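Thanks for coming, everyone. Let's put the model on the screen and walk through it together.

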Number of protein chains: 2
Amino acid sequence: MRQPKIVIVGGVATGPKAAARARRCCPDAEITVIERGRLISYGSCGLPLFLSGTLGGIDELRRTPSGVLRDEEFFKAVKNVNVLTGTEACRIDRDKKEVEVRELATGRQFKLPYDRLVLATGAEPVKLPVPGNDLPGVYNLHHPEEAIALKAWLEEKKVDQVAIIGAGLIGLEVADALASPRRKVVLIEKEDQVLPSLLDKEMAELLLKRLRQRRVEVRLSAKVQAFQAGGGGELEKVLTAEGEVPARVAVVAAGVRPNVKLAEEAGLEIGRTGAIAVNAYLQTSDPEIYAGGDCVENYHLVSGKQVYAPMASTANKHGRVIGTNITGGKEKFPGVLGTTVLQAFEVNIGRTGLTEREARELGYDVVTAVVPSTDAAHYHPLHGAVVLKVVADARSGKLLGAQAVGSGEVVKRIDVLATALGLGGKIDDMGYLDLGYAPVFATPLDVSLHAVNVLRNKRDGLVKGIAAGELRARMAAGEALTLLDVRSPGEFAARRFDDPRVLHIPLGNLRQRIGEIPRDREIVTICELGVRAYEAAIILQGEGIQKVTILDGGLEAWPFDLAIV
Amino acid sequence: MRQPKIVIVGGVATGPKAAARARRCCPDAEITVIERGRLISYGSCGLPLFLSGTLGGIDELRRTPSGVLRDEEFFKAVKNVNVLTGTEACRIDRDKKEVEVRELATGRQFKLPYDRLVLATGAEPVKLPVPGNDLPGVYNLHHPEEAIALKAWLEEKKVDQVAIIGAGLIGLEVADALASPRRKVVLIEKEDQVLPSLLDKEMAELLLKRLRQRRVEVRLSAKVQAFQAGGGGELEKVLTAEGEVPARVAVVAAGVRPNVKLAEEAGLEIGRTGAIAVNAYLQTSDPEIYAGGDCVENYHLVSGKQVYAPMASTANKHGRVIGTNITGGKEKFPGVLGTTVLQAFEVNIGRTGLTEREARELGYDVVTAVVPSTDAAHYHPLHGAVVLKVVADARSGKLLGAQAVGSGEVVKRIDVLATALGLGGKIDDMGYLDLGYAPVFATPLDVSLHAVNVLRNKRDGLVKGIAAGELRARMAAGEALTLLDVRSPGEFAARRFDDPRVLHIPLGNLRQRIGEIPRDREIVTICELGVRAYEAAIILQGEGIQKVTILDGGLEAWPFDLAIV
């Protein structure tokens, strides 16, 4: 096609990326980007950094690495792409291959003919359907304008009490940005854990412990019923079924919904997730219309199902794939793993693939391991902590997912495991990957490999683990277990389970004192990181004691109080 | 086999790990470890940290994460493993299945019968065959005793001039540990680059730039001829063919050689690399004798050849595999990628797989990309720099290797690419891996993926790149090229090629000023990071200018002076 006409609806992430890539692949295409808002091509994931004051100003999110503002003139001059901001796409005429658009400022309507149309209409934040949801003081954090307004309001009103609705990724990032010794932050979450769609509960509990250390109040299983104004008509408190939360600002971070109206009205297929359905080439049900970014659903590489998993990185990749394909290329987008990483309150958090809960719901023969480790050699003074959970299918040996939480280099391990997941890795092929080792960067057998090998041990029946949550439940139910703590006297004195079922024998003395181990009940071996508990279990099994279980992750990964009874 | 007798020769890394794993797999095995030295199971990679004062004392390298000293008593009490230190294995009688050993202190000799024997005899540092190589002041850094002696000597003699022979991994780590404003360090390397066995030359040049900024003197292509004593009989200078280097301490870091004497005398097969030959189960040519760690050669997963690549991480993995197999298991060690990472002078360095040079020598159809990037969103104030080079085979599409240098998170990218290499990844399957993205951790399309996509563009002929070294050579030869610098006026004013062939047109003006581009010669487009040069090449190609080449990696990765003529 000579000079194909390309129209792209949406000027953030997918849209500009598709335009730039299309230009690279096709010098003579006519490319037009339509954006409803005033700004294009900004890094929306940086809004919490703007809020926290880490960035000098919001424009930093709009610049290229060399400092040039990515505005309409930039796109025209550098990429020969026409950008129409403040312009809405109202209707697609698929027969005539035209988009009806409207200039918001003037109301002027006109039509843009296309050979290829790209829908990158993004998503909108979910608005809570409760009274007062548009009171002054109630904010979303989706567009730069909202972030600017919120920041100004916080400063102008000297707000010292903030409620955040939703303890997902955005909720936690915003909590981190706004919490300070002078400003109390309350996180309100309707599920019974933080990061409910990202982490299994025991991993979330580790984070919760940290949030509470940092004096962030977290209200779980709490449902917002209304936002209530004070005398001045501005937000004064958030009402929940479990009590009220005084707050002069509320940030609603309750997830996003794909913008599919334009696609739906044009008769394009909408998937079961509610987002636009696309094939591997990111074509919609109309092969001349492509869609990508937060408005589409994705193929999940592990489950094989379509999922709604909006992510800036995915949106960017979609743009590249679309830009290639609308100019005659044939590039496939393979799918996603739901990889998500964040940093909040100096804790790094990540997950990729399926959680244990998701894997169980999908019917896999689940085997898991929770492994705490240092991210560097334990003798390196700058080491940080990582607690890594890995999930696999015992039947097929396929790795299914991973989650990690800690002060240390969590994301590297998530990326390694995401790479393995993306390439279909099996745990038996992963135990000896040749990862980089130096004391400052890793342990000789990196935690990502160690965790995989623990999984393999468990699958092969060499050891049996018990999850923290299960042990707590069984202890609370009064089961006659023995908690064999094999740490040193010093460690034991400093911190231990406060329960009469505890028996303390340091690992080094266990072989001599083997006679003290009761043989009529299950022994749960316990240490700090899980390694000595593993050794202890091996010793007990070697002595013919067969009902032995290791506390997964040791005390380091124990997310609850130590008083069990 | 009831109570198999296991004898392990070598008490560091592979040996103790094999013993521990064997005990876990087989509670009733009789396990004996023989170690010639006084200490066992220390983290030898931490010796530079001890030298630099980062560690409190050398014993920190001998402790478990919970602080217990890994000495003979520890191995006996916790693992029921007998450790004989100060004991040398003199001979193996394969027919009788006995090892003859000798207590070094008493000279007492005795025999240890075995069902399974493990050789973990490690390596010894190469001693330079030059006069004075045993003068007081000339050190290796292989055993803890040497590190202790070196540190004491440095302090006692108030040494302010140190020569390091060999600019490999150990040489650089030691240089970093010892250099200070009060102590001059001179690195002497016989090859024409630093890290000659790890990096391609242009990547090494980036590091060299940094070393010189930090006032480390680096003498390349310099061969040591002698160590010369002063009046007191102690080292005073190092003599090379290129002049002398005053130094009161010299650290020889010229590589290591596998200890194979015991194996060789027992008639076991030695590989072409000079190290002990083993199969995937780490069995030597005698199936009842296993070997692992620094004394064996490894299968290279990319080249398919046997290589000598001693690494603490590999030694550790070998121990696990051997411990499994000598107790009836059937575990394979898949092989290595030569992954190596280090930190020196606040620069992180890594490589995995083959370098370009190695790939060319092996006859691959080599395509490469050099991509500079930030390791986090460029707008995040704490971002660091990464220059990543990737190497692939154009014919098969297989990734062959990667190298990275920079102040930023280099190792994560190396680990991601090592994981892909280890699982046989092809570049067409890697461009859209679902890696973790948040502004603090990565760019939306992480540099590891971006680099792979640049490789794909190059393989597909979309763009043509020129390596820094090649451009410099062609410019120096007087070729009539045009160097089209498309950076901003500010960037250009601050730093630019000092050459009359430079033409400066900022990218944003290139379309209007296209008439200024000469059409009778090759155009090399240049920017800071390579992205704008890529855009510029696309614009030129779109205007019918076909001989366009992009400077790989831009000025950020340009390792030479800017004056070319």
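**A walk through the two chains**

With 22 C-beta neighbours inside 10 Å, B:Cys45 counts as buried. Keep in mind that this is a predicted model. Where does B:Cys45 sit in chain B? Look at the loop between β2 (30–34) and α2 (47–52) of chain B. Now its contacts. Leaving out residues up to four places away in sequence, B:Cys45 touches A:Ala438, A:Pro439 and B:Ala312. So two of the names carry the letter of chain A, and B:Ala312 belongs to chain B. For a distant marker, take B:His450. B:Cys45 and B:His450 are 405 residues apart in sequence, and their C-alpha atoms are 33 Å apart in space.Next, the contact between the chains. How many residues does each chain give? Chain A gives 78 residues, and chain B gives 78 residues. On the side of chain A that touches chain B, several elements give two or more residues, including α1 (14–25), α3 (72–79), α8 (312–325) and α15 (531–542) of chain A. Strands β21 (340–344) and β22 (347–353) of chain A are also among them. Which element gives the most? That is α10(A), with 9 residues. By class, this side of chain A divides into 39 nonpolar, 23 polar and 16 charged residues.

How do the chains relate? Two copies of a chain are related by a rotation about an axis and a shift along it. Here, a turn of 180° and a shift of 0.0 Å along the axis lay chain A on chain B, with an RMSD of 0.0 Å. That is the relation of a two-fold axis. The copies meet through the same surface, because 100% of the interface residues of chain A are also interface residues in chain B.

Let's turn to a helix pair, beginning in chain B. Helix α1 (residues 14–25) and helix α8 (residues 312–325) of chain B pack at an angle of about 35°. Their axes are 7 Å apart. The crossing of α1(B) and α8(B) is right-handed. Which residues meet there? From α1(B) they include B:Lys17, B:Arg21 and B:Cys25. From α8(B) they include B:Asn316, B:His318 and B:Ile322. By class, the contact of α1(B) with α8(B) has 7 nonpolar, 7 polar and 3 charged residues.

Now the pair in chain A. The axes of α1(A) and α8(A) come within 7 Å and cross at roughly 35°. This crossing of α1(A) and α8(A) is right-handed. A:Thr14, A:Ala18 and A:Ala22 are among the residues of α1(A) that take part. On the side of α8(A), look for A:Ala315, A:Gly319 and A:Arg320, among others. By class, the contact of α1(A) with α8(A) has 7 nonpolar, 6 polar and 3 charged residues.

On to domains. Chain A is divided into domain 1 (5–122 + 257–325), domain 2 (138–254), domain 3 (346–458) and domain 4 (465–557). Take domain 2 and domain 3 of chain A. Their centres are 31 Å apart, taken over C-alpha atoms. Domain 2 of chain A gives 7 residues to the contact, and domain 3 of chain A gives 10. The side of domain 2 that touches domain 3 in chain A has 5 nonpolar, no polar and 2 charged residues.

Time for some backbone angles. Most residues other than glycine have a negative phi. A:Ser221 is not a glycine, yet its phi is positive, at about 50°. Find A:Ser221 in the loop between β12 (217–219) and β13 (224–229) of chain A. Is A:Ser221 buried or partly exposed? It is partly exposed, with 13 other C-beta atoms within 10 Å.

A:Leu282 is not a glycine either, and has a positive phi of about 70°. A:Leu282 is in the loop between α7 (261–265) and β18 (289–291) of chain A. A:Leu282 is buried, because 28 other C-beta atoms lie within 10 Å.

One last stop, back in chain B. B:Ile466 is in strand β26 (residues 465–466) of chain B. B:Ile466 counts as partly exposed, with 17 C-beta neighbours inside 10 Å. What does B:Ile466 touch, leaving aside its neighbours within four places in sequence? The contacts are B:Leu471, B:Val524, B:Thr549, B:Leu551 and B:Asp552. Compare B:Glu516: B:Ile466 and B:Glu516 are 50 residues apart in sequence and 23 Å apart in space, C-alpha to C-alpha.

That's the tour. Thanks for listening.

Technical notes: Residues numbered from 1 in each chain as written. Chains lettered and ligands numbered in written order. Predicted model: local features only at pLDDT ≥ 70, side-chain atom pairs only at ≥ 80, totals over all residues. Helix = DSSP H or I, 4+ residues; strand = E, 2+ residues; numbered from the N terminus. Buried ≥ 20, exposed ≤ 12 C-beta atoms within 10 Å, placed from the backbone. Nonpolar A, V, L, I, M, F, W, Y, C, P; charged D, E, K, R; others polar. Axes fitted to C-alpha atoms, helices over the stretch in contact; angles between N-to-C directions. Left-handed = near helix turned anticlockwise from the far one by under 90°. Domains from an automatic or database assignment. Least-squares fit on C-alpha atoms with pLDDT ≥ 70 in both.
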